[in-house]
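Colleague: Please pick one part of this model and take me through it closely, then show me how the rest of the chain is laid out around it. I work at the bench, so plain words would be welcome.

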Amino acid sequence: MSIDNTVKILQNKGYKMTHRRNEIISYFSESDGYRTAKNLYEHMEDKFPGISYDTVYRNLHLFHDLNILESTSLNAEKHFRLNCSDHHHHHFICSTCGKTKKINICPMDDIGNMLKGYTIDDHKFEVYGLCPDCQKVS
Ligand SMILES: [Zn+2]
Ligand SMILES: [Zn+2]
Ligand SMILES: [Zn+2]
């Protein structure tokens, strides 16, 4: 998802793109993977000394509610990343650094056949493990 896109989504819902919100989006767009609320807060504190955790947290959840960010649970903690708005795909997620890699096939193509007569609203498919860089460290 591009920054232009997020500005549009915010405006459609009556929210302004502020400096702080813009910084949150830049942070996630440069992260290339999943980050926690704490990771984001530490980054925001550097850029806006004295900013409250509450402000960061509220904006994080606003973005999540607006589907600008998607979330997953990694190591029992909630992690966020920019929603991939392009063509449908899934992710490998590194459980150490949060980096993601696209998986361009969808298991639902096969599973759909096993659920004849059922309606499917949504699905989630994620693969967890260590990325090549994180394997070198250990
Ligand atoms: Zn993606
Ligand atoms: Zn990794
Ligand atoms: Zn799928």
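Modeller: Happy to. One cut-off first: a residue is called buried when its relative accessible area is under 20%, exposed when it is over 50%, and partly exposed in between. Please also keep in mind that this is a predicted model.

The part I would pick is the zinc ion (ligand 3). Four residues coordinate this ion: His88, His90 and His123 through NE2, and Cys106 through SG, at 2.0 to 2.2 Å. The angles between these 4 donor atoms run from 105 to 113 degrees, so the arrangement is tetrahedral. For comparison, the ideal angle for four tetrahedral donors is 109.5 degrees. Along the chain, the donors follow the spacing H-x1-H-x15-C-x16-H. Cysteine 106 and histidine 123 link distant parts of the chain, being 17 residues apart. Cysteine 106 is in the loop between β5 (100-103) and α5 (108-114), whereas histidine 123 is in the loop between α5 and β6 (126-129).

Now to the cut-off I started with. Cysteine 106 counts as buried because its relative accessibility is 13%, under the 20% limit. Histidine 123 has a relative accessible area of 27%, so this residue is partly exposed.

The zinc ion (ligand 1) makes a useful companion to that site. The protein donors here are Cys84 through SG, together with His89 and His91 through NE2, and they lie 2.0 to 2.1 Å from the ion. The spacing of these donor residues in sequence is C-x4-H-x1-H. Cysteine 84 is partly exposed because its relative accessible area is 22%, while histidine 91, at 8%, is buried.

Let me step back to the protein as a whole. There are 6 helices and 6 strands, and from the N terminus on they run α-α-β-α-α-β-β-β-β-α-β-α. The C-alpha trace spans about 55 × 45 × 25 Å along its principal axes. Of the 138 residues, 38% are buried. Among contacts with a separation of 6 or more, 49% join residues 24 or more positions apart. About 8,900 Å² of the protein is exposed, with carbon and sulfur atoms supplying 49% of that area.

Next comes the interior. The largest nonpolar core has 19 residues, and those with the most contacts inside it are Phe28, Leu40, Leu60, Phe63, Ile68 and Leu69. The elements giving two or more residues to this core are α2 (19-31), α3 (37-47), α4 (53-65) and β3 (77-82). Leucine 69 shows how such contacts reach along the chain: leaving aside its neighbours within four places in sequence, leucine 69 touches Phe28, Leu60, Phe63, His64, Phe80, Arg81, Leu82 and Asn83. There is also a second, separate core of 5 residues, which includes Cys94, Ile103, Cys131 and Cys134.

The aromatic rings add some detail. The whole structure holds 3 aromatic pairs. One of them joins tyrosine 27 and phenylalanine 28; their ring centres are 5.3 Å apart and their planes stand at 75 degrees, so the pair is edge-to-face. Both partners count as buried, tyrosine 27 with a relative accessible area of 12% and phenylalanine 28 at 3%. Tyrosine 53 and tyrosine 57 form a stacked pair, with 5.7 Å from centre to centre and 25 degrees between the planes. Those two tyrosines both lie in helix α4, 4 residues apart, about one turn of the helix. Tyrosine 53 is partly exposed at 39% relative accessibility, and tyrosine 57 is partly exposed at 37%. Together with Tyr41, they form one aromatic cluster.

Finally, a residue towards the start of the chain. Methionine 17 sits in the loop between α1 (3-12) and α2 and is partly exposed, with a relative accessible area of 25%. Beyond its neighbours within four places in sequence, methionine 17 is in contact with Thr6, Val7, Leu10, Asn22 and Ile25. The C-alpha atom of methionine 17 is 40 Å from that of glycine 112, which is 95 residues away along the chain.

How values were computed
Residues numbered from 1 in each chain as written. Chains lettered and ligands numbered in written order. Predicted model: local features only at pLDDT ≥ 70, side-chain atom pairs only at ≥ 80, totals over all residues. Heavy atoms only, no water. Donors = N, O, S within 2.8 Å, 3.2 Å for Na, K, Ca; no water. Tetrahedral: all angles 85-135°; square planar, octahedral: opposite > 155°, others 65-115°. Buried < 20%, exposed > 50% of the residue type's maximum accessible area, 1.4 Å probe, protein only. Core = buried A, V, L, I, M, F, W, Y, C linked by side-chain atoms within 4.5 Å. Contact = heavy atoms within 4.5 Å. Areas by Shrake-Rupley, 256 points an atom, 1.4 Å probe, with all protein chains shown as cover. Phe/Tyr/Trp six-rings, centres within 6.5 Å; stacked < 30°, edge-to-face > 60°.
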